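Hi,

Here is the structure I promised to send over. Have a look at it first, and my notes on what turned up are underneath.

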Amino acid sequence: MASPHFRTGYVAIVGRPNVGKSTLLNHLIQQKISITSKKAQTTRHRINGILTDEQSQFIFVDTPGFQTRYSSQLNQIMNRTVIQSIREVDIVLFVIEAIRFDERDKGVLKLLSADRPVILVINKVDQLAQKTQLLPFMESMAKEFSFAGIIPVSAARGIQLTELIDMVRPYLPENPPLFGEDEISDRSERFLAAEMIREKLFRLMGEEIPYSTTVRIDQFTVEGNLRRIFACILVEKFNQKAIVIGKNGEKIKTVATQARQDMEKLFGSKVYLEVWVKVKNGWADDINTLKSLGYE
């Protein structure tokens, strides 16, 4: 039973590509639901991660990195997702890297409005060689926008995340919880399975291949304590198919094995996973294909 002063609200996590937004979400809710890699633009969908304690329910909205380098239909959809998320939430976490604030960050900052609180989250402080740089940087950032708060953190190492939660809490409206206390995401297992496979493509493939791929779940059934999953990796060109499969099928086998292990950990059950590769030229610019893959 929620207390009469229970708080529930939506918290957008925004920033340019590769500042650690998904890592922050995963560590805030203490469960991996948003995929991560060192490559930019790993996140393509809006993903809600839910944290519930005795006082509040935080619905963190992980968003794709806002960028202007590419203009495919896919990237336009991702940028619209960021803009829409900012408009619909109660508070915004604007994530940047410590001692880095460039034109890409400024582009995201221009999307933010004074009509809802924005907390500046300075991530990756554990990577700073000279900690004395942090305070002057925070002071300079305070002049860029009227932030509701500024906090340095390390998402990867869990530094100052409890303090960040406490900073966000007062800005959540008084509302009963929208989700059960054990729920960690509003996304289906089918969606999360596709994301786990896509993460491995980003982590195991070269620079360009992951951006030319997406994952479609063709079959997902639950049989007792077994999830039986058949997935298809879409690529844009035939030579990309050969690269994803790898010599004697070793690369696709590694992708499937690592993805299956992550699924078993997340779902708490055994997983039977089959993955194959199909060529679909121009999928990232095909509106109907993007809609069928869940891109709105």
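What share of the 296 residues of the chain count as buried? The figure is 52%. Keep in mind as you read on that this is a predicted model.

First, the overall picture. The chain is made up of nine helices and nine strands. Its C-alpha atoms fill a box of roughly 55 × 45 × 40 Å along the principal axes. The radius of gyration is 20 Å, which agrees with the value near 19 Å that a compact globule of 296 residues would have. The accessible surface is about 14,400 Å², and 48% of that belongs to carbon and sulfur atoms. If you take the contacts between residues at least 6 apart in sequence, 73% of them join residues at least 24 apart.

Now to strand 3, residues 56-62. Seven of its seven residues are buried, so this strand is largely enclosed by the rest of the structure. As a reminder, in a regular strand the side chains alternate between the two faces of the sheet. Here Ser56, Phe58, Phe60 and Asp62 point one way, while Gln57, Ile59 and Val61 point the other way, and all are buried.

Which strands does strand 3 pair with? Strand 1 (residues 7-14) runs parallel to strand 3 and is joined to it by seven bridges, with Thr8 standing opposite Gln57. Strand 2 (residues 47-52) pairs with strand 3 in the antiparallel sense, over six bridges. There, Ile47 stands opposite Asp62, and a hairpin of three residues connects strand 2 to strand 3.

Further along the chain there is an open sheet of three strands, in the order 7-8-9, with mixed pairing. Its edge strands are strand 7 (214-223) and strand 9 (270-279), each of which pairs on one side only. On average, neighbouring strands of this sheet are turned by 15° against each other, ignoring direction. Strand 7 and strand 8 (residues 226-235) run antiparallel and are joined by nine bridges; Val222 stands opposite Arg227 of strand 8.

Two helices go with that sheet. Helix 6 (residues 189-204) lies across strand 7, strand 8 and strand 9, at about 135° to strand 7. Helix 8 (residues 250-267) also packs on the sheet and touches strand 7, strand 8 and strand 9, and its direction makes about 140° with that of strand 9.

Last, the aromatics. The structure holds six aromatic pairs. One of them is Phe94 with Phe147, a stacked pair at 6.5 Å centre to centre with 15° between the planes. Phe94 sits in strand 4 (residues 91-97) and Phe147 in the loop between helix 4 (134-141) and strand 6 (149-152), so the pair ties together parts that are 53 residues apart in sequence.

Are these two rings' residues buried or exposed? Phe94 is buried, with a relative accessible area of 0%, and Phe147 is buried too, at 13%; the cut-off for buried is under 20%. Ring pairs also bring in Phe145, linking Phe94, Phe145 and Phe147 into a cluster.

If you open the model, strand 3 and the Phe94, Phe145 and Phe147 cluster are the two spots I had on screen while writing this.

Cheers

Note on methods
Residues are numbered from 1 along each chain as its sequence is written. This is a predicted model: local features need pLDDT of at least 70, side-chain atom pairs count only at pLDDT 80 or more; totals for chains, interfaces and linings use all residues. Side-chain values use heavy atoms; hydrogens and water are left out. Two strands pair if DSSP finds at least two bridges between them. Helices (H or I, at least four residues) and strands (E, at least two) are DSSP runs, numbered from the N terminus. Axes are lines fitted to C-alpha atoms, for helices over the stretch in contact, and angles run from 0 to 180 degrees between N-to-C directions. Contact means heavy atoms within 4.5 Å. The radius of gyration is taken over C-alpha atoms; the globule rule is 2.2 Å times the number of residues to the power 0.38. Buried means under 20% relative accessible area, exposed over 50%, partly exposed in between (1.4 Å probe, protein chains only). Accessible areas come from the Shrake-Rupley method with a 1.4 Å probe; for residues, only the protein chains shown count as cover. Rings of Phe, Tyr and Trp (its six-membered ring) pair if their centres lie within 6.5 Å; planes under 30 degrees apart count as stacked, over 60 as edge-to-face and the rest as tilted.
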